[in-house]
Amino acid sequence: MLKADRAARILSHIAEAGSADVHALSELLGVSGATVRRDLQELHDQGLLHRTRGGAVTGAVNLELPLRHRSEKRQEEKRRIARAAAELVPEGAVVGLTGGTTTTELARVLGERGGITVVTNAVNIAAELIVRPEIRLIVIGGIARPVSYELVGPAADRMLSQYHFDLAFIGVDGLTAHEGCTTHDEMEAQTDRAFLRSSARSVVLADSTKVGRVTFASICPLADVHDLVTDDGLTDAQERAIQECGVQVRRA
């Protein structure tokens, strides 16, 4: 297993479990304890976790993993969500896309289809689409967030205020009926709101692990969302609570 793959597995495991010891990680990864200790120390030095005697714990509540470490998690569910979301996009539409692993999958589906305009603040999505001549691409500027590859802040918000979208697709880190849509970064939340204000229809893309979670910064109440596209891991009770807020739920 490559070093980058080990790091992604370690971060994913610790983010879900809250902690792990060297022995458990050694068995999970199929490598020696010495290799695990070196990996943990490097991740500690990057501020992604805290080393402890014999293992590691998350560096913060609701740890925000860098996009490169999230891209392999629940990938098949995210692809299904992306394909279902693409069905909402008519020919010739103007589409806003924020950053995130699921919106990136949607960008790939839309890139294969073409015939639309995409406005995005995510540099990785821009890189995916710039080689697609059948897509008209507009990139929003701003302050770069290395964790999410997004450009955010006042400059991004001002630029977004000049556009009007048929649909805006946003990724979230948490979603509940009571707290609405949330993310880890306050400035990112503000730019997400700017996307929503510019759009005639607002669609949230979130795999079911995000539902029931609340993270630091509020994006919007669910009353501001028209559709949620998620996977079949959503419970019936969660779906009813979300629908009671006026949101149409689509399970992929």
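Trainee: What makes strands β12 and β14 a pair in this predicted model?

Mentor: Two strands pair if there are at least two bridges between them, and 3 bridges join β12 (residues 202-205) to β14 (residues 227-230), so the two count as paired, and they run parallel. One of the residues concerned is Leu205, whose bridge partner in β14 is Val229.

Trainee: Which strands are called the edge strands of the open sheet, and what makes them so?

Mentor: The sheet has 7 strands in the order β6-β5-β4-β9-β12-β14-β15, with parallel pairing. The edge strands are β6 (136-139) and β15 (248-251), each of which pairs on one side only. From one strand to the next, the twist averages 20 degrees.

Trainee: Which helix is said to pack on the sheet, and which strands does that helix touch?

Mentor: Helix α10 (residues 236-243) packs on the sheet and touches β14 and β15, its direction making about 145 degrees with that of β15.

Trainee: Why is Glu105 called buried?

Mentor: Glu105, which has its place in helix α6 (residues 101-113), has a relative accessible area of 9%; buried means under 20%, and therefore Glu105 is classed as buried.

Trainee: How do you know that the side chains of Glu105 and Arg108 make a polar contact?

Mentor: Their side chains are joined at 3.0 Å, and the cut-off for such a pair of N or O atoms is within 3.5 Å, so the term polar contact applies. Leaving aside neighbours within four places in sequence, Glu105 is in contact with Gln75, Lys78, Arg79 and Ala82.

How values were computed: Residues numbered from 1 in each chain as written. Predicted model: local features only at pLDDT ≥ 70, side-chain atom pairs only at ≥ 80, totals over all residues. Heavy atoms only, no water. Helix = DSSP H or I, 4+ residues; strand = E, 2+ residues; numbered from the N terminus. Axes fitted to C-alpha atoms, helices over the stretch in contact; angles between N-to-C directions. Contact = heavy atoms within 4.5 Å. Buried < 20%, exposed > 50% of the residue type's maximum accessible area, 1.4 Å probe, protein only. Polar contact = N/O pair within 3.5 Å; in protein donor to acceptor, adjacent residues only side chain to side chain.
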